[in-house]
Amino acid sequence: MLGASNYPDSVMYYLTSLRFDKESSCKFEGRICPLCSSKMDRDHVIKCIHTSAIRTNRHDGIVNAIKKLLNKSRKASSKQLENLLKPDIVMEVNNVKYVIDVTFSVEDVQYSKYLGKKRKYKGDPFTEDTVIPVVVQYNGIISQHSVEDLKIVPEVDIKKLYEAVYYHIALAQVKAEDLTGKLIRKLLD
Ligand SMILES: [Zn+2]
């Protein structure tokens, strides 16, 4: 598994549940969220306002996994651009600068999110061809367009990227459930 974690057993449990399509892992399904007053569906704990830091970590975990897969010669960095945008990764291929930016999306709008990212970073020195949006669905599926774009950096093994994506999705889910349970118990005390 990637990286050290305090949650290895529960992450593996969650992955196994996903793999074998067991019932929802959300212990609070159907209840009203005492933290934001929405009805809780099986994904609520990861969508709720109080788990935003966990969602940021999920995103950053995937960004770091991509950085680790890139060759040193790509000079991957994440500094702010002159137009004040801050892409996840700026890197080089044959002296040409590329942007890699990771985002989560629901299935229906995966392609429009992909195009939106291309547009967002287009402008000196980047063109649509040198912006690589990595659009990940909440279930872990990576956009086929992103997979195609990533072929420019053949060292980024898509199987390894998927391993990181699933790991960070599962880890975030487990942490979100843990935090939600703690916050709800605190409210009930
Ligand atoms: Zn909530």
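These are my notebook entries on a predicted model, covering its overall layout, one helix pair and several loop residues.

**Entry 1: overall layout.** I began with the secondary structure and found 6 helices and 3 strands in the protein. Reading along the sequence, I wrote down the order as α-α-α-β-β-α-β-α-α. I then looked up burial, and of the 189 residues in the protein, 31% are buried. For the contacts with a separation of 6 or more, I noted that 56% are between residues 24 or more positions apart.

**Entry 2: helix H3 on its own.** I turned next to H3, residues 52-69, which has 18 residues and spans 26 Å from its first C-alpha to its last, close to the 26 Å expected at 1.5 Å a residue. Looking for its buried positions, I listed Ile54, Arg58, Ile62, Val63, Ala65 and Ile66; I marked Arg58 in that list, since I wanted to return to it in the contact with H6. What covers these buried residues includes the strands E1 (89-93), E2 (96-105) and E3 (131-137), together with helix H6.

**Entry 3: H3 against H6.** How do the axes of H3 and H6 cross, and within what distance do they come? I found that the axis of H3 comes within 9 Å of the axis of H6 (residues 158-188), and that the two cross at roughly 160 degrees. An angle over 145 degrees counts as roughly antiparallel, and therefore H3 and H6 are roughly antiparallel to each other. The crossing in which H3 passes H6 is right-handed.

I then went through the residues that meet. From H3 they are Ile54, Arg55, Asn57, Arg58, Gly61, Ile62, Ala65, Ile66 and Leu69, and from H6 they are Lys160, Leu161, Ala164, Val165, His168, Ile169, Ala172, Lys175, Ala176 and Leu179. Sorted by class, this contact has 12 nonpolar, 3 polar and 4 charged residues. Returning to Arg58, I noted that it is buried in H3 and that it is among the residues of H3 that meet H6.

**Entry 4: the loop between H1 and H2.** I looked at three residues here, in the loop that joins helix H1 (8-19) to helix H2 (44-47), beginning with Gly30. Is Gly30 buried or exposed? Gly30 has 10 C-beta neighbours inside 10 Å and therefore counts as exposed. Its C-alpha atom is separated by 6.2 Å from that of Asp41, which is 11 residues away along the chain.

Met40 belongs to the loop between H1 and H2 as well, but it counts as buried because it has 21 C-beta neighbours inside 10 Å. I recorded a separation of 5.3 Å between the C-alpha atoms of Met40 and Glu29, which are 11 residues apart along the chain.

The third residue, Ser37, also lies between H1 and H2, and its phi is near 70 degrees, a positive value in a residue other than glycine. With 7 other C-beta atoms within 10 Å, Ser37 is exposed.

**Entry 5: backbone geometry in other loops.** Lys75, found in the loop between H3 and E1, has a phi near 50 degrees, which is again a positive value in a residue other than glycine. I counted Lys75 as exposed because 11 other C-beta atoms lie within 10 Å. Last, I checked the peptide bond from Asp124 to Pro125, which is cis, with omega near 0 degrees. Pro125 is placed in the loop between helix H4 (110-121) and E3.

Technical notes:
Residues are numbered from 1 along each chain as its sequence is written. This is a predicted model: local features need pLDDT of at least 70, side-chain atom pairs count only at pLDDT 80 or more; totals for chains, interfaces and linings use all residues. Axes are lines fitted to C-alpha atoms, for helices over the stretch in contact, and angles run from 0 to 180 degrees between N-to-C directions. Helices (H or I, at least four residues) and strands (E, at least two) are DSSP runs, numbered from the N terminus. Angles under 35 degrees count as roughly parallel, over 145 as roughly antiparallel, 65 to 115 as roughly perpendicular and the rest as oblique. A crossing is left-handed if the near helix is turned anticlockwise from the far one by less than a right angle, and right-handed if clockwise. Two residues are in contact if their C-beta atoms, placed from the backbone, lie within 7 Å. Ala, Val, Leu, Ile, Met, Phe, Trp, Tyr, Cys and Pro count as nonpolar, Asp, Glu, Lys and Arg as charged, and the others, Gly among them, as polar. The expected span of a helix is 1.5 Å times one less than its number of residues. A residue is buried if 20 or more other C-beta atoms lie within 10 Å of its own, exposed if 12 or fewer, and partly exposed in between; C-beta atoms are placed from the backbone.
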